[in-house]
Amino acid sequence: MRFAHRHLLGIEHLSQSDITAILDLAEKYVDLNRQSAKHSDVLAGLTQINMFFENSTRTQASFEIAGKRLGADVMNMAMQASSIKKGETLIDTAMTLNAMHPDLLVVRHPHSGAVDLLAQKVNCAVLNAGDGRHEHPTQALLDALTIRRAKGRLHRLNIAICGDVAHSRVARSNLILLGKMENRIRLIGPPTLVPSQFSEFGAEIYDDMNEGLKDVDVVMMLRLQKERMDGGFIPSEREYYHRYGLDAAKLALAKPDAIVMHPGPMNRGVEIDGVLADDINRSVIQEQVEMGVAVRMAAMELLARNLGEAA
Amino acid sequence: MSNSIFTNARLIDPETGTDSIGWLHVVGGRIAARGDGNAPTTDAQVIDCNGKCLAPGIVDIGVKVCEPGERHKESYKSAGLAAAAGGVTTIITRPDTSPAIDTPETLEFVTRRAQADAPVNVLPMAALTKGREGREMTEIGFLLDAGAVAFTDCDHVVANTKVFSRALTYARSCGALVIAHPQEPGLSAGTAATSGKFAALRGLPAVSARAERMGLDRDIALLEMTGAAYHADQITTARALPALERAKGNGLDITAGTSIHHLTLNELDVADYRTFFKVKPPLRSEDDRQAVIEAVRSGLIDTISSMHTPQDEESKRLPFEEAASGAVALETLLPAALRLYHSGQLDLPTLFRAMALNPAKRLGLNSGRLSEGAPADLVLFDPDVPFVLDRFTLKSKSQNTPFDGQRMQGKVTATYVAGKEIYRRP
């Protein structure tokens, strides 16, 4: 099958079959990654640059491992430390890197749309590793793969996304992906963090978590960023945990086999109970990390197949 | 003394609301006579309009010329040429330069620059507060004497209500017009789009359309207290209109404008983060756009401005949130406005009421009309010529127009200031 995209900038541009193609290929890499010899050569000779304009340990490591396992030459650039400080613009930085002929550019940026802008200026394939509040497509894909493996399907599920939806690119990408795959989505959180316009995406909005969790198959928690506390979105961490933190009592309202997800890093005792997060019968948080590497390998392979073709 | 007669012209008269074939006689830079049908025989130089439209030149409130401070973005010369090519015969300049135009000395500097370089009439506005910082009012009296036609902090809202109420009170005693940007500044700080599905999808920090109404409501309450003369620079949302209507009904000295971009574009035009569509306030929903067009038609919104804001490529080639706001529009104001004529929503006299007559009246100018004794500031245009806009043909030093590559209809044939031709389309 041909993957008809030059870049992976967001879930918005993908069709159902694109999504399925990535997940199917990722399954292969899940198997590969569980073997002791994990190496493949599909990206051999290609150069992958990870450009992170925002701090990240997990996503950057995941992309780096994915690239290395596929045989690419991987370079990491911590952008806060370099040219940005010298006043270089995003486009100049992109043009400079472009002149070094990378094949895959993995970009994270604190502003929505910055990765789209950069993709217009370079000749290589660009993967969005998170732009502002806009999209984080590989996170949504790894979540989808995790759900599909745990539930045996990726459609007609009741899925709750809980917490700071407003500022979350993870929530947006998941909302779009899970909607495209024909699931029912509920958004749960205080109205300051779950604005009413999200109902226009076809999601149901709940400000009462107990009501929202009833009979869901999947509970997806979002990280509460500390800066939201200062912004006056919620009164205090303890009140937030009381009303919107996931614990065993609230989870009991969901289906008995509901799974618990979190994109990490977690604030234990703020949005999720620590014991619950570690419960291997309910929590698939570690599996999400594992799927992340596989999904990123699959996405890079699909984009690499199109390299060299006329843009 | 100049003596010319425009014959066979489609006269667009915003005062009488008529659009009819006739003639116009100009003597000594002023309109001497006009009439319907065929022109009388005179010894005047004959300018045959070939049935094209002859309208009062556009009076554009709120043009940014980037002198002093950023002459590389726009100078009086380039802005003047752009205005002439766009049929704009009077530009009312903004004081949001760097430094701000907030002293009589700076105002005299720009007036001198304008007189030396611009072929159109240039009337400057001055800042309402020093440095546009919203703390202390400027020397409104001295600035009036130096030629300021209105006082505005542009897109800076005077957030301190006490400061604003004192400035309004003082301005009233001087007979000065205050132009404000109705917006609740706490809600709009740091935003780049209008709240709604589109902004949510794009992950852009957004402000509710209601923030405009909140700002307007506050200002209206202050007008009730102070009795000042007030013009809202841009009303762009449906929700602000009932408040405006009530304030006018209650006899307050209030008028309102809107921008050509809010009349002809909506939030979806931003598409994949196209920063040339980033303006302030942000583009609105289609429902808002339609409501604002209707308000111009009914006369509730008095004026249409270009809100001409030159920005260089560097300020726009950035992620959307970081990119500068504003668009150039002196040359695209008329063709964009003609979209509303071609769509059957506004007739030509109504458009020129909002683009020429009303702004002139609000500023106490005698222009903006085709009546005897008015200055012969005129635009001759063909409303039907189709073209595709190429931004690099614009005369502005900055070419940040959202209409680049778009199909437009209607071009200026010639522009006259005080009877003198200052532009003719090659």
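Let's start with one residue: Glu301(A) touches Leu25(A), Tyr29(A), Val42(A) and Leu43(A), leaving aside residues up to four places away in sequence. This is a predicted model, and the notes below look at Glu301(A) and then at the place where chain B meets chain A.

**Around Glu301(A)**

- Helix H12 of chain A, residues 285-305, is where you will find Glu301(A).
- Glu301(A) counts as buried because its relative accessibility is 9%, and the cut-off for buried is under 20%.
- From Glu301(A) to Pro265(A) there are 36 residues in sequence, and their C-alpha atoms are 27 Å apart in space.

**How chain B and chain A meet**

- Chain A brings 20 residues to the contact, and chain B brings 17 residues.
- The size of an interface is often given as the accessible area lost when the parts come together.
- Here chain B and chain A bury about 1,700 Å² between them, with 59% of that on carbon and sulfur atoms.
- On the chain B side, the residues that lose the most area to chain A are Lys197(B), Leu201(B) and Arg317(B), which together make up 31% of what that side buries.

**Polar and charged links**

- Between chain B and chain A the count is 1 salt bridge.
- Arg202(B) and Glu12(A) form a salt bridge through their side chains, at 2.9 Å from N to O.
- Sorted by class, the side of chain B that touches chain A holds 8 nonpolar, 3 polar and 6 charged residues.
- Across this interface, 7 residue pairs are in polar contact, with both residues at pLDDT 80 or more.

Note on methods:
Residues numbered from 1 in each chain as written. Chains lettered and ligands numbered in written order. Predicted model: local features only at pLDDT ≥ 70, side-chain atom pairs only at ≥ 80, totals over all residues. Heavy atoms only, no water. Contact = heavy atoms within 4.5 Å. Buried area = accessible area lost by both parts, 1.4 Å probe. Salt bridge = Lys/Arg side-chain N within 4 Å of Asp/Glu carboxyl O. Polar contact = N/O pair within 3.5 Å; in protein donor to acceptor, adjacent residues only side chain to side chain. Nonpolar A, V, L, I, M, F, W, Y, C, P; charged D, E, K, R; others polar. Helix = DSSP H or I, 4+ residues; strand = E, 2+ residues; numbered from the N terminus. Buried < 20%, exposed > 50% of the residue type's maximum accessible area, 1.4 Å probe, protein only.
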